[in-house]
Protein chains: 6
Amino acid sequence: MPAGDLGYPSPPPSQATETPVEEDDAWVWAQIKAEARRDAESEPALASYLYSTILSHSSLERSLSFHLGNKLCSSTLLSTLLYDLFLNTFSSDPSLRAAAVADLRAARVRDPACVSFSHCLLNYKGFLACQAHRVAHKLWTQSRRPLALALHSRISDVFAVDIHPAAKIGKGILFDHATGVVIGETAVVGNNVSILHHVTLGGTGKACGDRHPKIGDGVLIGAGATILGNVKIGEGAKIGAGSVVLIDVPPRTTAVGNPARLVGGKEKPSRHEECPGESMDHTSFISEWSDYII
Amino acid sequence: MPAGDLGYPSPPPSQATETPVEEDDAWVWAQIKAEARRDAESEPALASYLYSTILSHSSLERSLSFHLGNKLCSSTLLSTLLYDLFLNTFSSDPSLRAAAVADLRAARVRDPACVSFSHCLLNYKGFLACQAHRVAHKLWTQSRRPLALALHSRISDVFAVDIHPAAKIGKGILFDHATGVVIGETAVVGNNVSILHHVTLGGTGKACGDRHPKIGDGVLIGAGATILGNVKIGEGAKIGAGSVVLIDVPPRTTAVGNPARLVGGKEKPSRHEECPGESMDHTSFISEWSDYII
Amino acid sequence: MPAGDLGYPSPPPSQATETPVEEDDAWVWAQIKAEARRDAESEPALASYLYSTILSHSSLERSLSFHLGNKLCSSTLLSTLLYDLFLNTFSSDPSLRAAAVADLRAARVRDPACVSFSHCLLNYKGFLACQAHRVAHKLWTQSRRPLALALHSRISDVFAVDIHPAAKIGKGILFDHATGVVIGETAVVGNNVSILHHVTLGGTGKACGDRHPKIGDGVLIGAGATILGNVKIGEGAKIGAGSVVLIDVPPRTTAVGNPARLVGGKEKPSRHEECPGESMDHTSFISEWSDYII
Amino acid sequence: MPAGDLGYPSPPPSQATETPVEEDDAWVWAQIKAEARRDAESEPALASYLYSTILSHSSLERSLSFHLGNKLCSSTLLSTLLYDLFLNTFSSDPSLRAAAVADLRAARVRDPACVSFSHCLLNYKGFLACQAHRVAHKLWTQSRRPLALALHSRISDVFAVDIHPAAKIGKGILFDHATGVVIGETAVVGNNVSILHHVTLGGTGKACGDRHPKIGDGVLIGAGATILGNVKIGEGAKIGAGSVVLIDVPPRTTAVGNPARLVGGKEKPSRHEECPGESMDHTSFISEWSDYII
Amino acid sequence: MPAGDLGYPSPPPSQATETPVEEDDAWVWAQIKAEARRDAESEPALASYLYSTILSHSSLERSLSFHLGNKLCSSTLLSTLLYDLFLNTFSSDPSLRAAAVADLRAARVRDPACVSFSHCLLNYKGFLACQAHRVAHKLWTQSRRPLALALHSRISDVFAVDIHPAAKIGKGILFDHATGVVIGETAVVGNNVSILHHVTLGGTGKACGDRHPKIGDGVLIGAGATILGNVKIGEGAKIGAGSVVLIDVPPRTTAVGNPARLVGGKEKPSRHEECPGESMDHTSFISEWSDYII
Amino acid sequence: MPAGDLGYPSPPPSQATETPVEEDDAWVWAQIKAEARRDAESEPALASYLYSTILSHSSLERSLSFHLGNKLCSSTLLSTLLYDLFLNTFSSDPSLRAAAVADLRAARVRDPACVSFSHCLLNYKGFLACQAHRVAHKLWTQSRRPLALALHSRISDVFAVDIHPAAKIGKGILFDHATGVVIGETAVVGNNVSILHHVTLGGTGKACGDRHPKIGDGVLIGAGATILGNVKIGEGAKIGAGSVVLIDVPPRTTAVGNPARLVGGKEKPSRHEECPGESMDHTSFISEWSDYII
């Protein structure tokens, strides 16, 4: 069922246009408010929730800070404290808002189950965990490590998404479903990457130092894939669901299986043109790989 | 240790008897109350909990609505609102109660760790997530989609079980352990299916439309299995733990491995007689498959 | 980045020294308070949290009982009830404190991302779930099963760590990341074991009885590994990430893949000298196993 | 500042018209929704509150049950339990709704500070305490005394209004400000009575039996007045602020002072024509009583 | 309606018997449990509450600590902290339990609306505020003043009972209704005193030092009475409702009015034989005082 | 016991000095932090509370907004919303901070039971209610009336202090004890006024318009006094506890009793020189008024 069937407007044709970023961000926030207003009208039982989380706020940063503060608080970490922390951090670093908008767009464009921007903003634990991680990461870079780690712990408890605050995450990221994602301290994730649930970007050994994967731009990592060690997943590569990857994967190739092998063979692996992190094509390699097996 | 050792009565010999459904439901509810009463007497520290969740209620629907409302509420989605929503939905559609009873029986019969119906009702996140999903699905079919999606999000946060509200789930389902289960929008799950934790019934690509697995009656899907795309898992099939399945699996066959292959070979796969969704036999294929490997 | 860079003292050179256990426990608790005091001073926003969870308490047991009570409570299981339960149990069985201290040391020594004891105490869901499990297990052995199961359910909801209260877990355990761990009723885990996230120690079939894995001392089980049935993983063995293991694994060997095979071959598997549960070496077998594949 | 200045419609010219009661109740509920909708539009910060308390509900009973459940709950008396109790009681006895509507009208007509029906419904602790008392009284008459007393206790904690559940309270009551009101077990209050804050209708002695005041229709009792014992305050009488009354007061007379005396003298007290409970004239007797004193 | 009609046993004939105190305390606690058990059986909706507050506890101190911790907690003063504080204080000073038992007896004997000990324990804000005050007073005498004052503030917020932690309060006290009671820093209240709601034992001036009333044994102070300054209310005196008392009142006399005068005249005031703090006779002086006025 | 005995520094000799206001405010905030730091050190059980309410904040406005947000929130008015509201209002109007500082000084100087500024800031319900009222009043003047009234309602529920948001309150106000204070819509209170608990500044009749008392600068109103109607209490006047005042009181005179009369007689009332609102002398008139009575 195309999202359009729900009566929501499509996103604007291209985000690569000349539109200045600020204007674009304003357009997304205006969409979110319009969606929430429509939903509040059609569903009175949800109106209170939509007003408190979206419609009573004057900006995306405020809405997001409020929502995250209420989601991540506990009896010992009060919502007021977290709200304050998020709001201050978002206010002091405009790039965080831009990243949030890019992530909202990523979900809206890549996930056919995402019916609206507000759907993602309110309900996607991957989106929410990622925005909270960005704040934790900011705190980490400011050497406010105990606070960053406390936030990290709450994100892991509440969303079952465990991203070390030192990990560097790009923009335009889709964490789809997101439950069980684990990303280690020295991992780096590029832009426009899509990562499914249960994915691990893990370290190895007990030595400190650079020990986690580096994920290039536009990579797609399927559900349950495990990538371990300081390995490089080349830009535009695709990692099949359930794969276990322990060594580098060249750009625009596909690695599948446990242990993972390259589709097309180690010597002359198949190379694809599209950007799997954006096309979300998990299974086009089936014909060459899986069909003969069952 | 047989559950009987705990002094709980066994379930009645067969649920396939002539007993009218309503009478059967009443029997289960009476059992639940008796179990809770016994536990409250033997464990004063738990009595308050048992009274509030079970013993103060006049029906299974009320007990379940109360328990789910308190489990799924948040500071912005109040327990009173959710309680009302669950109670109204359960009251308006008696088939939801019948499905809950079938699921309770499934857990009691198939899971040796399930010591009583009340144990399942109170403590099984898979059972609770499934009942809440049924309400979300009902809302979805009534075009109350924003509410269905908000509920979906709470279920995913609280239970780490992510079932899209559009997905169709049969009766007599056991979600065992349940953490990390992901079931997509156009998936269909038949009756008497058993699904272990970390199982994914996922889509592929970013196109809308029918893109998720169809699971036949009586199927057993082992822990961590990933099934992707609009593939058909035939009735009575068995999917081994950790398998990655991208194409159809014939009825009453067993698929294992990553990538998955059929036990017995693609041409003449072994076929079993029993219904694995009910027998829960995860490992009888070891002799033909795994033994030679290690 | 070495933990020492953060300015925290290293743990004492060896825990195998002659130091009496009680003295050692006191040293760890003193460290925790010192760490918390330093963090409270450097980060006022976190001071309230650190005082309520650590600095206002006179012992590790009290701190842990308070923290777990607040983490695991719900609207129907009050924090005061849980706090009382934890405190009474820890007070009545000193071995629980000793196990907690051993686990704290395990995290501090084996996990390079663990910057301090207090970091583990406050933030590691694996550590917290394990301590709460030990209390549930104690209740189980006292035949307070409904209470043990209610606690089990809360641990699974809050931490996404599902350890049956009957399962026996040794000391010096590191559950790293921990999300999605499932350990069944008759499983036994030895001492000094390290278990990554998404690991399953599962049963098979619906018959009661001894049906879950037995994990020897010093074993390392990688992320997403699934071990099913009453199989024996020999002391010092290593199970690769994503492996599916259905039969015994000999001591000090490495099993990898789905289905798992022994590195070095079934007949003459490679044997390692070090204790992988402590060395945390996940990937040294790459050269012999995975390299040729991609 | 006349309430009309706020742009709210005036109440219909007379509630003594021929309008059937049910129709009238519907009119009030429609007004409440219209007021709430206007306020939600003009004040986004309050919209969430107004939706959750009023706009998401289909009837006055549901709105009131929800609001009281959330106001009166505690960590040991859950909002879901109280909501259920209120809703069931309001549903089973339509006279409770009629009384609530009469009280809303009383506040709107008699209290110039009451700017709208919704203002009273949401914010007047006297109104809310009175409606909750009516439910407690109903429970008392059904011999559900422990529950009635638990509710009584919550009302006294939350609103500082202490009305024994056995006390009989008429309709069209205004408890203005309400803090500190105490009404004893065998007290009876007629219709169209107005009672200010800190008023006591108390008993005397420790014998059981009929020992509290009986207040006639249309009586006005000023702030801080104390009326003790089984005395009769005649219909249309007025009790001055701060008075202490220990014996009967004849109809349509005014008692003032500590100890109270009748304005105009014991033998030929002044009698007024208007109904002070509705006219709210606290001070017209000043000229005859107080003026000469200061 | 006599309390006996509710089917509760009467208190034992005399508390002045030879029964050792400990035995007596045990009898009261046994009564409380029996009452709660009966109520839980007859009222399932309340059973959870009764189990959590009374039936799951092994002693009166534990029950009271639990109940007060949950009543007085806030988002910044956690229930677990308060529970711990109450439990430790009650455990370390047995006289606090004895005082609580004496207060329970006082309510049961003197207040005809008090239907059972458990009714008082759970629902009487005067009783609960008094027990919490005793803990605050204990902390004050231990020079833990900031904590005592924080507790004082919570008691005043939650119960609208404001007793300075330095004030000394005897045993066998009945604070009936209790809302609005204010007792200052240097006030002293004897044994077997009954104090109604809105009573003030206040200071005067801004100088430090002994500036509040001293209330003798067996005094009865009626609703709304205000006693100011370091004055002495003699043992067995009675202060009429609404009186304002600024100078000493001789033993066994009655002061009434604003300004207060002695019944019978200053020179030869009437003297009564009974102990008004126990007889609760508020109004027997009417015939000599008030009758002639109205 | 002089406050100085507790080891706290005295306030600076005079607030009427040349010190610029801003500097003075900074001095008070520094004192508060120093007091809280000392208390946190001496009382670990309270440290968490002191850090969350005071020590983690960078300004008095932030601390106050946080504390009020957490005190006044409810399940339908979230702490995050209230915190935001308070912080924005305090930030936009610096006179609110100045008024808060003046009130803190008033409590510290006039109330011998006030041991420190932080004691007042954290624990005085009169102080807290007054600051929250000032925000509500600000909202009222901005025509955000529904929000002002919702806040008014919460203040009345939580603190039992009921000040209509339209009422105008000066600076340097001490609401001592505060429970039960009621101040109506058109009331005006001058500067440096002290008002005890249970005081009513009430209206009369049901007509709109200016109908509440006007209280001059430096007035002292004793506990339980009731002042009704649009009457004028002259600057420096004193109203005795429990008085009922219905007509004007000349400046620097004392009115006492019910009905109130002027001390010294209507014609030539005694006039005092000091400012009773600051001297807090409640009872110096006893010799001329009350002494002869008892």
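Okay, let's start with one definition: when I say two residues are in contact, I mean they have heavy atoms within 4.5 Å. Now some housekeeping: what you see is a predicted model, where local features need pLDDT of at least 70 and side-chain atom pairs count only at pLDDT 80 or more, while totals for chains, interfaces and linings use all residues. Residues are numbered from 1 along each chain as its sequence is written, chains are lettered from A and ligands numbered from 1 in the order they are written, and side-chain values use heavy atoms, leaving out hydrogens and water.

So, chains D and E. Chain D puts 45 residues into the contact and chain E puts in 51. Are they using matching surfaces or different ones? Different ones: only 7% of the interface residues of chain D are also interface residues in chain E, so the copies meet through different surfaces.

How are the two copies related? A turn of 120° with a shift of 0.0 Å along the axis lays chain D on chain E, with an RMSD of 0.0 Å. That is the relation of a three-fold axis. The superposition, by the way, is least squares on the C-alpha atoms of residues with pLDDT of at least 70 in both copies. And which residue of chain D comes closest to that rotation axis? It's D:N258, with its C-alpha at 3.5 Å.

Keep D:N258 in mind, please. The peptide bond joining D:N258 and D:P259 is cis, with omega about -5°. D:P259 sits in the loop between β14 and β15 of chain D. Chain A has a cis bond too, from A:N258 to A:P259, with omega near 0°.

Let's look at the strands around that loop. Strands here are DSSP E runs of at least two residues, and helices are H or I runs of at least four, numbered from the N terminus. In chain D, β14 (residues 254–256) and β15 pair in the antiparallel sense over two bridges; for pairing, DSSP has to find at least two bridges between the strands. One of the partnerships is D:A255 with D:L262 in β15(D).

Zooming out, those strands belong to an open six-stranded sheet in chain D, in the order β3-β6-β9-β12-β14-β15, with mixed pairing. At the edges stand β3 (174–176) and β15 (261–262), each with a single partner strand, so one side of each has no neighbour in the sheet.

Back to the interface for the details. Chains D and E bury about 4,000 Å² between them, 61% of it on carbon and sulfur atoms. Buried area is the accessible area, with a 1.4 Å probe, that two parts lose on being put together, summed over both.

How many salt bridges cross between chain D and chain E? The rule finds two, and it asks for a side-chain nitrogen of Lys or Arg within 4 Å of a carboxyl oxygen of Asp or Glu. One of them is D:R144 with E:E43, where the closest N and O atoms are 2.8 Å apart.

Which elements give two or more residues to chain D's side? They are α8 (145–159), β10 (226–228) and our edge strand β15. The largest share, nine residues, comes from α8(D).

One last stop, in chain A. A:H198 has a positive phi of about 60°, although it is not a glycine. You'll find A:H198 in the loop between β6 (194–196) and β7 (200–202) of chain A. That's my tour, thanks!
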